[in-house]
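Student: I have a structure open and would like to learn how to read it. Could you walk me through a helix and a sheet?

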Amino acid sequence: MFNPYEIRKDFPILSRLIRGRRLIYLDNAATTQKPKQVVAAIAKYYLWHNANVHRGLHTLSQEASQMYEEAHEAVARFINARSWDEVVFTYNVTEALNLVAYTWGLRNVGEGDKIVLTVMEHHSNMLPWRNLARLKRARVVYADITNGGELTYEEFERLIDDRTRVVAVTLMSNVLGTITADVVKRVTKLAHEVGAVVVADGAQYVPHAPTDVRDLGVDFLGFSGHKMLGPMGIGVLWGRREILEELEPFKSGGDTIKDVTLSDVVWHDLPWRFEAGTPNVAGAVGLKAAIEYLTRLGMDAVREHEKRLVEYTLKRFNEELGDAVEVYGPKDPEVRGGVVAFNVKGLNHHTVGMALDMFGIAVRTGMHCAHPLHYRLGLKGTVRASYYVYNIKEEVDELVNALKTIILLKDKLEGEGVDERVCTGT
Ligand SMILES: Cc1ncc(COP(=O)(O)O)c(C=O)c1O
């Protein structure tokens with residue numbers, strides 16, 4: 001049984017007092033908190049097994065190598081990949097997406113080719129493609145969103161043609177919460193018909209919903225460990241084996257080769273070819289522990305829990321705050337993940353965020369590394385509450401109560417605010 005009240009006991013940080021009040025952590029889209037089990041797994045690795053991987057014949061090195069490989073296997077199972085060697089560990093999803101742009105992209109995108117993005121991409125799934133387009137004189141076009149903040153198949157149908165080489169799209173918006181997986185599945189078929197690859201940004205999806213790369217049909221998928229209970233500094237790029245096998249390393253050096261002479265190099269097998277230098281073994285071990293934790297909870301249950309929290313939030317906002325707040329993103333909880341971006345009318349988003357901190361409530365404010373989306377919506381920024389497995393309805397009630405007070409004190413609170421363009425994260 002999924003029980004968030006029990007889950008909370010694994011997260012000591014949630015018992016912290018912030019400004020005299022119990023912390024309410026609603027900044028999970030930026031990074032999630034870590035359960036004791038993940039921290040223990042990392043500590044155990046460092047205290048009992050630490051050694052460099054793949055380079056030693058001694059027992060510790062063998063143990064560390066095995067743990068590192070088992071982490072690849074755990075990720076592969078979690079996303080239903082065909083094989084563990086399709087899983088490349090990166091620093092984060094940003095690095096994973098850059099890896100695709102600067103390996104597959106440099107090799108396969110040429111002058112006049114088309115790269116299809118969407119207006120709601122995080123900068124991490126927009127700028128690498130734009131840089132690639134500049135280098136190769138390719139064109140970037142953007143799928144627009146509907147007024148309800150959704151992507152449509154028809155919009156991609158309009159944009160994708162036989163010059164299209166890449167479609168790079170998020171599986172869930174980090175601002176609007178829009179879940180796009182069903183559209184992406186259909187778009188992937190269309191993209192493949194014209195010989196394009198589909199690169200999915202799973203940063204906000206993989207941590208929150210059951211993910212099956214074979215069912216999605218995409219060619220690449222990236223995500224970050226720190227947004228799914230794991231440590232910072234470990235991310236994943238999954239890629240189709242037949243595509244990865246044709247690529248040369250993004251970064252080269254130790255561990256990426258089978259052999260090197262003064263004039264030649266034979267690249268290593270997958271995935272080592274893409275994991276240059278000493279890897280983040282402890283990070284991988286921590287990510288495996290996080291995956292085990294989430295698997296025990298059940299990803300269907302995680303998704304249901306967040307759906308209920310969002311439904312409850314939208315209902316309470318509507319009933320209690322009415323016109324005083326403006327909420328963005330799809331109304332249908334079926335296509336909306338655990339993210340609620342909003343503004344209090346007449347107040348700067350940063351002012352609201354700082355005021356909420358006085359109540360011990362941690363939210364994110366700004367443009368959330370999605371400036372083009374905010375410009376598209378005509379907004380200077382938003383306040384974003386984002387949920388995870390340990391959030392509970394009572395916290396939503398506290399958020400609503402705090403917002404009521406803030407709305408009452410509106411005239412006293414309005415000030416200068418902070419520069420909206422500060423990339424207040426992720
Ligand atoms: C949709 C999306 N893509 C990419 C990123 C970048 O994540 P990271 O900073 O872990 O690379 C984020 C972070 O918030 C995100 O929400």
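Student: Which elements do the buried residues of α3 pack against?

Tutor: A little background before we look. This is a predicted model, in which local features need pLDDT of at least 70, side-chain atom pairs count only at pLDDT 80 or more, and totals for chains, interfaces and linings use all residues. Residues are numbered from 1 along each chain as its sequence is written. Helices (H or I, at least four residues) and strands (E, at least two) are DSSP runs, numbered from the N terminus. Contact requires C-beta atoms, placed from the backbone, within 7 Å. Here, the buried residues of α3 pack against α2 (36–49), β4 (87–90), β10 (235–239) and α10 (281–297).

Student: Which residues of α3 are buried?

Tutor: A residue is buried if 20 or more other C-beta atoms lie within 10 Å of its own, exposed if 12 or fewer, and partly exposed in between, with C-beta atoms placed from the backbone. In α3 the buried ones are A64, Y68, A71, H72, A74, V75 and F78. They cover an arc of only 160° around the axis (taken from the directions from the helix axis to the C-beta atoms), which puts them on the same side of α3.

Student: Why does such a pattern arise in a helix?

Tutor: An α-helix has 3.6 residues a turn, so residues three or four places apart point the same way. On the face of α3 turned away from the buried side you find the exposed residues T59 and Q66.

Student: Now the sheet: what is its strand order?

Tutor: Two strands pair if DSSP finds at least two bridges between them. This open sheet of 7 strands runs β4-β10-β9-β8-β7-β5-β6, with mixed pairing. Its edge strands are β4 and β6 (139–143), each pairing on one side only.

Student: Is β8 buried or exposed?

Tutor: In β8 (residues 197–201), 5 of the 5 residues are buried, so the strand is largely enclosed by the rest of the structure. V197, V199 and D201 cover one side, while V198 and A200 lie on the other.

Student: How many bridges join β8 to β7 and in which sense?

Tutor: β7 (residues 164–170) pairs with β8 in the parallel sense over 5 bridges, and V166 stands opposite V197. On β9 (residues 220–224), β8 pairs in the parallel sense over 3 bridges, with V199 opposite F220.

Student: What about β4 and β10?

Tutor: That pair is antiparallel, over 4 bridges; the bridge partner of V88 is L237 in β10.

Technical notes: Two residues are in contact if their C-beta atoms, placed from the backbone, lie within 7 Å.
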